[in-house]
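Trainee: Could you take me closely through a single part of this model, its sheet together with what packs on it? I should like the cut-offs behind each term as well.

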Amino acid sequence: MTEAPRRGRSCGGVLGTLVVVGSVIVGTVVLSPTLALTDLRDVVIDPVVGVPGSGGDGWTYMATTPRGAPITWPCEGTVPIEVNPQGAPEGYEGLVASAVSRVSEASGFALEVVGETDDRTYRDRDAGPVLLMWADEEEVPELVGATAGIGGSTYVQGPGGGGHSVGGMVVIDTDVPGGFFRRTDPEPVLVHELLHVLGLGHSDDPRQLMAPEHSGQDDLGEGDLAGLAALREAACS
């Protein structure tokens with residue numbers, strides 16, 4: 001790996017990878033492919049995040065139903081987030097509040113931090129609040145190397161073919177604000193991961209924040225915004 005591009009991971013209802021020029025974010029996704037009493041889940045790790053051919057110009061969906069509809073959160077209610085502050089950088093409250101506010105405003109979904117937790121179970125998430133935590137590669141092997149974060153959603157799918165997200169997680173590497181990632185603004189990393197949780201996959205347009213290779217853009221691009229609008233429309237239709 002060269003000095004400029006650095007790699008990382010991110011998650012959503014399906015795997016996601018983001019590259020930041022200066023750093024890359026790859027994603028791991030936690031899925032519930034079927035609705036069952038046992039609520040079975042599979043963990044998927046894939047460098048190609050987003051269903052091929054899904055979405056539109058400059059954006060993709062992380063996961064779709066058999067009918068091709070995107071998997072996302074219900075139209076009404078909130079997307080609750082619990083924060084585990086262990087290992088978090090100084091001032092993390094402001095970082096989280098800003099990222100959550102940006103994603104809520106851009107997407108139309110109401111993301112809300114509902115409290116703190118000591119839970120660190122980032123795999124096999126049950127239905128409930130999205131877990132947001134910081135960790136290193138010793139605790140979370142997916143963070144090995146230049147991985148900046150992982151994130152994903154847990155979803156259920158009924159016999160009629162529909163589905164929606166019911167939980168999820170985001171894990172940010174403790175090195176993001178400093179060390180190897182000392183020149184990387186951690187907020188776009190967190191925003192990227194939260195968009196995976198909502199259901200956006202990667203973009204092949206390097207101008208988008210959801211592009212696998214991120215060239216320092218801090219704001220959401222037109223493709224990112226179009227994808228979020230499509231998710232919202234699908235959720236509320």
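Mentor: The account below begins with the sheet, turns to the helices and ends with two single residues. This is a predicted model, in which local features need pLDDT of at least 70 and side-chain atom pairs count only at pLDDT 80 or more, while totals for chains, interfaces and linings use all residues. Residues are numbered from 1 along each chain as its sequence is written, and side-chain values use heavy atoms, with hydrogens and water left out.

The sheet is open and has five strands in the order β7-β6-β8-β10-β9, with mixed pairing. Its edge strands are β7 and β9, each of which pairs on one side only. Direction ignored, neighbouring strands are turned by 25° against each other on average. Helices (H or I, at least four residues) and strands (E, at least two) are DSSP runs numbered from the N terminus, and two strands pair if DSSP finds at least two bridges between them. Strands β6 and β8 run parallel and are joined by four bridges; glutamate 82 has leucine 131 of β8 as its bridge partner.

Two helices pack on this sheet. Helix α1 touches β6, β7 and β8, and its direction makes about 155° with that of β7. Helix α2 touches β6, β7, β8, β9 and β10, at about 160° to the direction of β10. For these angles, axes are lines fitted to C-alpha atoms, for helices over the stretch in contact, and the values run from 0 to 180 degrees between N-to-C directions. Contact here means heavy atoms within 4.5 Å.

Helix α1 covers residues 92-107, and its 16 residues reach 22 Å from first to last C-alpha, close to the 22 Å expected at 1.5 Å a residue; that expectation is 1.5 Å times one less than the number of residues. Its buried residues are Tyr92, Leu95, Val96, Ala99, Val100, Val103, Ser104 and Ser107. They lie on the same side of α1 because they cover an arc of only 150° around the axis, the arc being that of the directions from the helix axis to the C-beta atoms. Buried means under 20% relative accessible area, exposed over 50%, and partly exposed in between (1.4 Å probe, protein chains only). After α1 comes glycine 108, with a positive phi near 85°.

At the other edge, nine of the nine residues of β9 (residues 149-157) are buried, so this strand is largely enclosed by the rest of the structure. Strand β9 runs antiparallel to β10, with nine bridges between them, and glycine 151 stands opposite valine 170. Five residues separate the two strands in their hairpin, where glycine 161 takes a positive phi near 100°.

Glycine 167 belongs to β10 (residues 163-173) and is buried at 0% relative accessibility. Its contacts beyond four places in sequence include Trp73, Asp126 and Gly152. Aspartate 126 is 41 residues away from glycine 167 in sequence, yet their C-alpha atoms are 6.4 Å apart.

Histidine 196, in α2 (residues 186-198), is likewise buried, with a relative accessible area of 0%. Its side chain makes a polar contact with the side chain of histidine 202 at 3.2 Å, and a polar atom of the histidine 196 side chain lies 2.8 Å from the backbone oxygen of leucine 200. A polar contact is a pair of N or O atoms within 3.5 Å; within protein, one must be able to donate a hydrogen and the other to accept it, and residues adjacent in sequence count only if both atoms are side-chain atoms.
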